[in-house]
Amino acid sequence: MEKVISIVGAGGKTTLVHKLAREYHRSGKGVLVTTTTHMYVEADTDLSCDFFALRDKIIKDGYCMAGQKISEQKISEQSKSKMCGLPYDLLDKLIKDMPQPLDYVIIEADGAKHHSLKYPAADEPVIYPGTTDVIIVLGTWERGMLCKDVVFRYELMQKELGTAEDAVVDDSVIDMLRQVYVRKLRDSGFEGRILSCLAKNC
């Protein structure tokens, strides 16, 4: 295993997840894509939560996107096409007991309801304990717009930082949100590498 990469932040996360997965797969690496929150189910996604089925798919194809069905109690019209993450014990087993060629696990570890930027709550992002690298995705295509119209969880941002009602998204706001993520990750005990990615469109 080379890396377990968790992608957090807002607009552009899923695009980056699949871009990295394609690049690693094309270079001959074995890749598993999953989530710790919710993620749209795509063609050929494995929802079996079966170690042997996932192992065989990775060995055969060198790539697998996997998760589990959302429980009936939590399902809604919006979530019917989504999955939640693999159980941690299963993910642990795939990482520790899976023979090569599983080289990279890429995890979508945050949700922002299609906003370009996000202020994370106390229990966010949802980082798998085995994560080695975190990439914070920050959408930049709504610069100049009001923060309250752009930032997911703006009310929390306003409460914790005293952000003005007429505050506008600019480079300083984007960098402040990045710093908030870094602080919350470090405060949660994450000791790995933290990178950031500015997404230009989504």
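Is Cys64 buried or exposed? I looked this up first and found Cys64 buried, with a relative accessible area of 0%, where buried stands for under 20%, exposed for over 50% and partly exposed for the range in between, with a 1.4 Å probe and protein chains only.

I noted that this is a predicted model, in which local features need pLDDT of at least 70 and side-chain atom pairs count only at pLDDT 80 or more, while totals for chains, interfaces and linings use all residues. Residues are numbered from 1 along each chain as its sequence is written, and side-chain values use heavy atoms, with hydrogens and water left out.

I then searched the whole structure for disulfides (pairs of cysteine sulfur atoms within 2.5 Å) and found zero. For Cys49 the nearest cysteine sulfur is that of Cys84, 7.7 Å away, and for Cys64 it is that of Cys49, 11 Å away. Cys49 is partly exposed, with a relative accessible area of 25%.

Next I traced the sheet, taking strands as DSSP runs of E with at least two residues and helices as runs of H or I with at least four, numbered from the N terminus, and counting two strands as paired if DSSP finds at least two bridges between them. Six strands form an open sheet with parallel pairing, in the order β4-β2-β7-β1-β9-β11. I saw that β4 (63-65) and β11 (193-199) each have a single partner strand, so one side of each is left without a neighbour in the sheet.

Within it, I followed β1 (residues 3-9) and β7 (residues 104-108), which pair in the parallel sense over five bridges, and Val4 stands opposite Val105 in β7.
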